[in-house]
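Biologist: I have not looked at this one before. Can you take me through it?

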Amino acid sequence: MAYIETKGLVFDNKIRYPDIGLKRGEVTFISGPSGCGKTTLFRLLNGTANASAGDVLVEGRSISRIEPLALRRRVLLVNQQSYLFIGTIAENFAIYYRYLEENSPKEEVMQACLQSCGLSMPLTTPVQPLSGGEQQRVFNAICLSLKRECYLWDEPTAALDEETAQAFVAVLVEQAKKNYLAMAVITHDDHLLKEYKEQTIILPAIKIL
């Protein structure tokens, strides 16, 4: 059974999506031409956008019956743009966890998540001087540390070089299998699609009505 699935989903009476299912322990890649509604699909899946028809089910239950904040604690949308605050890496972890009213992780957990995202630097490092790619990796590490049931990654490798991108996606695949998570990744990277084609489901381009 899929952890999260769609039934006859339509957005704004214009975009009809194929029925999809994201299973625990798997990473699904979402591909298609620009403007076909990939990011909108993710917003529909975690309830930050409303469908004009159809439904999204989480473990068989319509998201219309799940309190929005509770849903987003289970189904996390990680935007392409990294959102970091002025301060150190550790302070950024703390801010996100404080906002979520959760206890900040231990230093060893933060370091492990950073290393999983290809970063090896002190937690006292200020984030402002970091490059765009390094900031994205810090943001990805914070999101990965949250241990949600389902992750929707919107082009998480856009600011990364090819080698780092490959390594990070390998981490996502490992985390999905190890922790029994459902994951989906939007990407335009043909190398990633080719590399993981046997382990993931590639969705067709979304049709515009």
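Modeller: What follows is a short walk through a few parts of this model, which is predicted.

Biologist: Start with strand β8. Is it mostly covered or open, and how many of its residues are buried?

Modeller: Strand β8 covers residues 150–154, and 5 of its 5 residues are buried.

Biologist: Which residues sit on each side of β8?

Modeller: Cys150, Leu152 and Asp154 are on one side, and Tyr151 and Trp153 are on the other. In a regular strand the side chains alternate between the two faces of the sheet. Here both faces of β8 are covered.

Biologist: What strands does β8 pair with, parallel or antiparallel?

Modeller: Strand β7, residues 75–78, runs parallel to β8 and is joined to it by 4 bridges. In that pairing, Val78 has Trp153 as its bridge partner. Strand β9, residues 182–186, is also parallel to β8, with 5 bridges between them. There Leu152 stands opposite Ala184.

Biologist: How does the chain cross from β8 to β9?

Modeller: The chain goes through helix α6, residues 162–179, and this β-α-β crossover is right-handed.

Biologist: Changing topic. How many salt bridges are there?

Modeller: The count is 8 salt bridges. One of them joins Arg24 and Glu149, whose closest N and O atoms are 3.8 Å apart. Arg24 lies in the loop between β3 and β4 and Glu149 in the loop between α5 and β8, so this pair ties together parts that are 125 residues apart in sequence.

Biologist: Are those two buried or exposed?

Modeller: Arg24 is partly exposed at 23% relative accessibility, and Glu149 is partly exposed at 27%. Both belong to a network of salt bridges that links Arg24, Glu59, Arg74 and Glu149.

Biologist: And Glu102, what does its side chain meet?

Modeller: Glu102 forms a salt bridge with Arg73, at 2.9 Å from N to O. Arg73 is in helix α2, residues 68–74, while Glu102 is in the loop between α3 and α4, 29 residues apart. Glu102 also forms a salt bridge with Arg148, at 2.9 Å from N to O. Arg148 is in the loop between α5 and β8, and that pair is 46 residues apart.

Biologist: How accessible are those three?

Modeller: Arg148 is buried at 8% relative accessibility. Arg73 is partly exposed at 36%, and Glu102 is partly exposed at 25%.

Biologist: What about Arg137, where is it?

Modeller: Arg137 lies in helix α5, residues 132–145. Arg137 is buried yet has no salt bridge. The nearest side chain of opposite charge is that of Glu134, 4.9 Å away, and a salt bridge needs the atoms within 4 Å.

Biologist: So what is Arg137 in contact with?

Modeller: Apart from neighbours within four places in sequence, Arg137 is in contact with Cys117, Gly118, Leu119, Leu160 and Thr164.

Biologist: You mentioned Cys117. How many disulfides are there?

Modeller: The count is 0 disulfides. A disulfide is a covalent bond between the sulfur atoms of two cysteines.

Biologist: Why is there no bond for Cys113?

Modeller: The closest cysteine sulfur to that of Cys113 is in Cys117, and because they are 6.9 Å apart, they are too far for a bond.

Biologist: Are those two cysteines buried or exposed?

Modeller: Cys113 is buried at 11% relative accessibility, and Cys117 is buried with a relative accessible area of 2%.

Methods:
Residues numbered from 1 in each chain as written. Predicted model: local features only at pLDDT ≥ 70, side-chain atom pairs only at ≥ 80, totals over all residues. Heavy atoms only, no water. Helix = DSSP H or I, 4+ residues; strand = E, 2+ residues; numbered from the N terminus. Buried < 20%, exposed > 50% of the residue type's maximum accessible area, 1.4 Å probe, protein only. Lys, Arg positive; Asp, Glu negative; His and termini not counted. Contact = heavy atoms within 4.5 Å. Disulfide = S-S within 2.5 Å. Pairing = 2+ DSSP bridges. Right-handed = clockwise from strand over helix to strand, strands pointing away.
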